[in-house]
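Thanks for making time this morning. Please bring up the sequence and the coordinates, and I will talk through what was computed from them.

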Amino acid sequence: MRSILIISLLSCFFAAYNAKVFSKCELAGKLKAQGMAGFHGYSLADWVCMAQYESNFNTQAFNGKNANGSSDYGLFQLNNKWWCKDNDYPSANTCNIMCSKFLDDDIDDDIICAKRAVQDSNEMSAWVAWVNHCKNKDLSKYLAGCQL
């Protein structure tokens, strides 16, 4: 029993170790370095705003409660119906990646997939949080104080 508790605690420690919660400026810098400023017509502030409302900048964010039974993963809450595979839901797996890769602190693969997603016909409207909180809004606060 004691060994099970220790293993469980260590698992939690290692899972938390792989998660990263970005500050808005840290994320903005990373996105800018990866060519997201102006990508497909969307500003850096659009991406930062969307990430705040989708995941609160947490790379380990997970939403398994979509009405259609699908789940959303990571910083950009990429969905397992369309963008990644998780063996729990039939997927188009357009980004050709396991969803679990979106839950670690390396966001390079998340960015590549988000770039692919925004090129879809729904563009940024694929993210409901962007539509509800960012679209047609003054987004200057999302980059305010950032040394970009």
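I will take the disulfides, then the core, then one loop, and finally a pocket.

A word on conventions: this is a predicted model, in which local features need pLDDT of at least 70 and side-chain atom pairs count only at pLDDT 80 or more, while totals for chains, interfaces and linings use all residues. Residues are numbered from 1 along each chain as its sequence is written, and side-chain values use heavy atoms, with hydrogens and water left out.

How many disulfides does a search of the whole structure find? There are four, where a disulfide is a pair of cysteine sulfur atoms within 2.5 Å. Counting bonded cysteines along the chain, their pattern reads 1-8, 2-7, 3-5, 4-6.

I will go through three of these links. In the link of Cys-25 and Cys-146 the sulfur atoms are 2.1 Å apart, and the value of -85° about the S-S bond makes it left-handed. Cys-25 lies in helix H2 and Cys-146 in the segment after helix H5 (128–133), so this pair ties together parts 121 residues apart in sequence. Helices here are DSSP runs of H or I with at least four residues, strands are runs of E with at least two, and both are numbered from the N terminus. Cys-25 is partly exposed at 26% relative accessibility, whereas Cys-146 is buried at 13%; buried means under 20% relative accessible area, exposed over 50%, and partly exposed in between, with a 1.4 Å probe and protein chains only.

Cys-49 is joined to Cys-134 with an S to S distance of 2.0 Å, again left-handed, at -90° about the S-S bond. Because Cys-49 sits in helix H3 and Cys-134 in the segment after H5, the pair ties together parts that are 85 residues apart in sequence. Cys-49 is buried at 0% relative accessible area, and Cys-134 is buried at 1%.

The link of Cys-95 and Cys-113, with sulfur atoms 2.0 Å apart, is right-handed, at 85° about the S-S bond. Both Cys-95 and Cys-113 are buried.

Now the interior. The largest nonpolar core, meaning a set of buried Ala, Val, Leu, Ile, Met, Phe, Trp, Tyr and Cys residues joined through side-chain atoms within 4.5 Å, has 37 residues, and among those with the most contacts inside it are Leu-31, Trp-47 and Phe-76. H2, H3 and helix H4 (108–118) each supply at least two residues of this core, and H3 gives the largest share, seven residues.

Turning to the loop between H2 and H3, what is the phi of His-40? It is near 55°, a positive value in a residue other than glycine. His-40 is found in that loop and is partly exposed at 36% relative accessibility.

Finally, the largest pocket is lined by 17 residues, of which Asn-79, Trp-82, Trp-83, Ala-126 and Trp-127 lie nearest its centre. A pocket is defined on a 1 Å grid over the protein atoms alone, as an open set of points where a 1.4 Å probe fits, with protein on both sides within 12 Å along at least five of seven lines; lining residues have an atom within 4 Å of a point.
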